[in-house]
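Trainee: I would like to take a close look at a single part of this model, and then to see how that part sits among its surroundings. Could you take me through it slowly, in one connected answer?

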Amino acid sequence: MKPAPFEYFAPTDITEALDLLAHYGDDAKILAGGQSLMPLMNMRLARPRVLLDINRLTELAYISRGPDGALTIGALTRQRAVERASVVQTHLPLLAAVMPSLGHFQIRNRGTIGGSLAHADPAAELPALCLALEAELMLRSAERQRTVKAADFFLTYLTTAIEPDELLVDIRFPAWNPQWRWGFQEVCRRQGDFALVGAVALLHIDDDAICREAHLAMFGVGGTPIRLHRAEALVRGQRLEARGLEEVEQAVAAELQPDTDMHASAEYRQEVGGVIARRALEAALG
Amino acid sequence: MTGQRSIQLRVNGQAYERTVETRQTLADFLREELHLTGTHLGCEHGICGACTILFNGEAVRSCLLLAVQADDAELMTVEGLAQGESLHPLQRAFHAHHALQCGFCTPGFLMTACAFLQEEPHPTEAQVREAISGNICRCTGYAPIVQAILHASRGG
């Protein structure tokens with residue numbers, strides 16, 4: 001098996017990459033870690049006319065923490081580098097903990113954080129994580145640069161707000177609230193495989209055991225990851241206990257509108273989605 | 001319209017310089033150009049793990065890389081494990097524990113285990129099982145594979 005013919009460019013700096021994107025636009029496909037694009041090209045489901053290999057743009061592989069505590073991660077940072085970084089383990093523990101679920105370690109050795117987000121597989125963990133953490137994605141073209149909120153970034157299956165002449169350059173995670181408690185749950189056939197359904201929950205519980213803030217995001221339940229705003233409203237302001245979240249489970253299941261595919265039926269995803277969301281909240285409550 | 005590029009790389013300690021078609025995968029390059037046919041191709045889309053090699057010391061799927069991306073890289077394939085007639089401790093452990101039947105998946109398991117043990121020299125059984133979760137064996141031989149890797153980690 002081999003990919004269909006393409007014109008190959010491996011720019012060595014970002015200006016060169018953006019100039020090539022400006023020139024080729026829609027005809028060009030960006031090759032980062034290649035863990036999603038290469039399978040598609042090997043099977044000829046993707047036949048880009050121009051392949052723009054950005055692996056030499058080492059300036060896009062970094063993790064930095066700003067004075068405000070926000071963590072900015074360059075799009076070309078390998079997934080393995082993210083999970084191994086002590087700054088991530090310390091200042092964004094949820095991200096470090098979820099990374100091993102993205103794929104098998106051989107995949108994470110090559111796969112990049114930006115690649116997973118730009119590919120926008122609805123069953124992928126990172127997009128939902130970015131929603132829950134309210135991350136911002138920085139896009140650059142030869143002409144301009146703009147920031148898109150995670151909530152506005154994922155449009156539908158495998159489709160994002162990235163324009164044909166734009167490159168995702170970094171992802172900015174707001175400072176981690178030390179009060180956050182988190183839970184992450186997913187159902188998959190093998191550890192490291194794509195999830196059928198998953199949920200990530202962030203809770204801020206105050207000293208009186210009242211939930212002050214709640215973020216609940218899910219994946220594998222439609223064309224994009226989603227925030228469960230109604231379920232969040234149900235728990236906000238409430239005294240939460242690990243038992244007694246059945247009402248939230250039902251509210252989540254009622255809010256979900258998943259699709260059927262070869263991996264699972266819509267009914268399955270809806271029912272399991274409620275359970276998984278409840279378990280993520282329970283895990284956050286500890 | 002497909003182009004060609006010259007690449008230089010080292011595989012199992014030996015330097016090579018070749019001109020490759022840019023669309024050739026690294027796995028095909030190893031097998032067809034360097035005749036290192038120990039790297040096996042199962043699914044060719046990153047699921048089965050049979051084509052796992054070490055790329056600058058890290059385990060990767062060679063079917064998901066282009067040969068042109070290995071310019072200046074240092075690779076190790078299953079042919080690089082044994083020293084002459086002397087098998088690598090992992091190979092000896094696989095032999096002793098009957099950790100292969102047809103052998104098709106074995107190169108991928110060996111290279112995965114090789115990279116894993118370098119990072120985690122004293123793993124638990126659960127860690128071994130997670131490490132090999134991205135490699136598929138269709139003869140259903142996981143238990144002996146796990147035992148072999150644990151055995152090798154204890155000094156063979």
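Trainee: Which domains does the domain assignment of chain A give?

Mentor: This is a predicted model, and the assignment for chain A gives domain 1 (7-53), domain 2 (58-173) and domain 3 (181-285). As for the predictor's own scores, the complex receives an ipTM of 0.96 and a pTM of 0.96, while chain B averages a pLDDT of 96, with 98% of the residues scoring at least 70. Between the centres of domain 1 of chain A and domain 3 of chain A, taken over C-alpha atoms, there are 36 Å.

Let us look closely at domain 3, whose bounds are 181-285, and begin with its sheet. Four strands of chain A form an open sheet here, in the order S11-S12-S13-S14, and their pairing is antiparallel. Strand S11 (180-188) and strand S14 (226-227) of chain A stand at the edges, and because each has a single partner strand, one side of each is left without a neighbour in the sheet. Strand S12 (residues 195-205) and strand S13 (residues 211-219) of chain A pair with one another in the antiparallel sense over eight bridges. To find one of these pairings in the structure, start from A:Leu202, whose bridge partner in S13(A) is A:His215.

Helices also pack against this sheet. Helix H8 (residues 125-133) of chain A lies across S12, S13 and S14 of chain A, and runs at about 155 degrees to S13(A). H12(A) packs on the sheet as well, touching S11, S12 and S13 of chain A, with a direction that makes about 35 degrees with that of S12(A).

Within helix H12 (residues 266-285) of chain A, a good residue to pick out is A:Glu282. A:Glu282 counts as buried because it has 20 C-beta neighbours inside 10 Å, and the cut-off for calling a residue buried is 20 or more. If we leave aside its neighbours within four places in sequence, A:Glu282 is in contact with A:Gly183, A:Ala242 and A:Leu245. Of these partners, it is worth locating A:Gly183 beside the helix, since this contact joins residues that are not within four places of each other in sequence. For a contrast, take A:Glu163, which is 119 residues from A:Glu282 in sequence and 39 Å from it in space, C-alpha to C-alpha.

Domain 1 of chain A, with bounds 7-53, offers a second sheet to set beside the one we have just examined. Three strands of chain A form an open sheet in the order S1-S3-S2, and here the pairing is parallel. S1 and strand S2 (28-31) of chain A stand at the edges, each with a single partner strand, so one side of each is left without a neighbour in the sheet. From one strand to the next, the twist of this sheet averages 25 degrees. S2(A) and strand S3 (residues 50-53) of chain A pair in the parallel sense over four bridges, and in S3(A) the bridge partner of A:Ile30 is A:Leu52. Helix H1 (residues 14-24) of chain A lies across S1, S2 and S3 of chain A, running at about 165 degrees to S3(A).

From here we can turn to where the two chains meet. The contact takes 24 residues from chain A and 27 residues from chain B. On the side of chain A that touches chain B, the elements that give two or more residues are strand S1 (7-9), helix H2 (37-42) and helix H6 (105-110) of chain A. H6(A) gives the most to that side, with five residues. Sorted by class, the side of chain A that touches chain B has 10 nonpolar, nine polar and five charged residues.

Across the contact, chain B is itself divided into domain 1 (4-80) and domain 2 (89-153). The centres of these two domains of chain B, taken over C-alpha atoms, are separated by 21 Å, and 13 residues of domain 1 of chain B are in contact with 12 residues of domain 2 of chain B. In helix H1 (residues 26-33) of chain B, the residues B:Leu26, B:Ala27, B:Asp28, B:Phe29 and B:Leu30 are buried, and what covers the buried residues of H1(B) includes strand S2 (14-21) of chain B. Just after H1(B), B:His35 takes a positive phi of about 55 degrees.

Technical notes
Residues are numbered from 1 along each chain as its sequence is written. Chains are lettered from A and ligands numbered from 1 in the order in which they are written. This is a predicted model: local features need pLDDT of at least 70, side-chain atom pairs count only at pLDDT 80 or more; totals for chains, interfaces and linings use all residues. pLDDT is the predictor's confidence in each residue, from 0 to 100. A residue is buried if 20 or more other C-beta atoms lie within 10 Å of its own, exposed if 12 or fewer, and partly exposed in between; C-beta atoms are placed from the backbone. Two residues are in contact if their C-beta atoms, placed from the backbone, lie within 7 Å. Ala, Val, Leu, Ile, Met, Phe, Trp, Tyr, Cys and Pro count as nonpolar, Asp, Glu, Lys and Arg as charged, and the others, Gly among them, as polar. Domain bounds come from an automatic or database domain assignment. Two strands pair if DSSP finds at least two bridges between them. Axes are lines fitted to C-alpha atoms, for helices over the stretch in contact, and angles run from 0 to 180 degrees between N-to-C directions.
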